[in-house]
Amino acid sequence: LGGRKVVREGFKFAERWFLANGGWGSVSRESVGSVTGELDLEKLSLKDLKETVAPSGIVDDRRMVELFCGAARASSSGGGAQYEASVSFGSEGTGPGQFQSVGRVAVHGEGSDQRVAAVDEFRVNVFNVCSGECVWSVGSKGNGPGQFARPLGVAFNVQGELYVSDWEHDRISVFDASGSYVRSFGEKGGGEGQFVGPLGLAFTAGGELVVADSGNHRVQVLREDGTF
């Protein structure tokens with residue numbers, strides 16, 4: 001705790017020095033880096049990072065992601081860790097990264113590139129796990145390509161493509177790793193590759209898509225393109 005307090009106070013001093021010397025208009029990034037580089041910022045808690053370091057603006061985005069990831073790992077490893085929420089995603093509303101109602105989630109990737117997809121009422125928000133930033137949202141209310149009536153299940157394949165099941169449209173929509181619509185497959189029915197109210201989605205280790213086909217009282221295992 002003493003080490004953390006020293007680092008916290010040292011960072012606050014560095015921030016005061018930065019502001020007293022005119023901020024970015026007068027102080028170079030190299031000078032700021034040399035000052036903050038002397039501080040063991042990895043000792044700070046997630047609360048310190050979110051409330052003190054991030055708002056200062058004197059630590060670049062890449063370094064902040066590294067610090068958030070390290071603090072998140074420390075908070076989940078036990079042994080003196082602080083038990084608090086590592087990162088919170090979203091708020092109530094209809095804007096980017098906001099939710100009217102949060103549904104199912106899916107996770108993809110590791111480290112600073114790890115993402116979590118969370119289902120909203122007519123769309124899916126995707127966040128960077130370490131920073132909590134909403135990197136993209138997909139979908140809107142409607143019947144067209146990439147639109148939803150009732151999105152429920154979400155899953156990422158190995159390539160980072162996002163699969164979303166639509167309970168009312170009886171189909172599954174696919175978006176690439178940047179959030180662009182790629183394709184949809186499925187229709188209402190009881191045949192192979194058809195659905196009645198598809199719910200949960202998951203991928204096997206071999207890359208096959210598993211679909212909870214609720215209205216047909218079965219589980220279907222399909223190729224990534226939706227075929228058997």
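1. Helices in this note are DSSP runs of at least four residues, numbered from the N terminus. The model under discussion is a predicted one. On that basis, Thr52 belongs to helix 3, which covers residues 46-56.

2. The surroundings of Thr52 deserve a brief comment. Its relative accessible area is 17%, and buried means under 20%, so Thr52 is classed as buried. Leaving aside residues up to four places away in sequence, Thr52 touches Phe11, Lys12 and Lys47.

3. One sheet in the model is open and consists of 4 strands in the order 1-2-3-4, with antiparallel pairing. Strand 1 (105-108) and strand 4 (134-138) stand at its edges. Each of these two strands has a single partner strand, and therefore one side of each lacks a neighbour in the sheet. On average, neighbouring strands of this sheet are turned by 20 degrees against each other, direction ignored.

4. Within the order 1-2-3-4, the pairing of strand 2 with strand 3 can be described further. Strand 2 comprises residues 115-119 and strand 3 residues 124-128. The two run antiparallel and are joined by 5 bridges. As a point of reference for inspection, Ala117 stands opposite Val126 of strand 3.

5. A second antiparallel pair is formed by strand 10 (residues 209-213) and strand 11 (residues 218-222), with 5 bridges between them. Asp213 has Arg218 in strand 11 as its bridge partner. The hairpin made by strand 10 and strand 11 has 4 residues between the strands.

6. Which residue in the hairpin of strand 10 and strand 11 takes a positive phi? It is His217, with a value near 55 degrees. His217 is not a glycine, yet has this positive phi, and its place is the loop between strand 10 and strand 11. Its relative accessible area is 74%; since the class of exposed residues begins over 50%, His217 is exposed.

7. Asp170 likewise calls for comment on its backbone. Although Asp170 is not a glycine, its phi is positive, at about 55 degrees. The residue is found in the loop between strand 6 (162-166) and strand 7 (171-175). Is Asp170 buried or exposed? With a relative accessibility of 7%, Asp170 counts as buried, because the limit for that class is under 20%.

8. The two loop residues may be set side by side. His217 has a positive phi of about 55 degrees, and Asp170 has a positive phi of about 55 degrees. His217 is exposed, whereas Asp170 is buried.

Definitions and conventions. Residues are numbered from 1 along each chain as its sequence is written. This is a predicted model: local features need pLDDT of at least 70, side-chain atom pairs count only at pLDDT 80 or more; totals for chains, interfaces and linings use all residues. Side-chain values use heavy atoms; hydrogens and water are left out. Buried means under 20% relative accessible area, exposed over 50%, partly exposed in between (1.4 Å probe, protein chains only). Contact means heavy atoms within 4.5 Å. Two strands pair if DSSP finds at least two bridges between them. Axes are lines fitted to C-alpha atoms, for helices over the stretch in contact, and angles run from 0 to 180 degrees between N-to-C directions.
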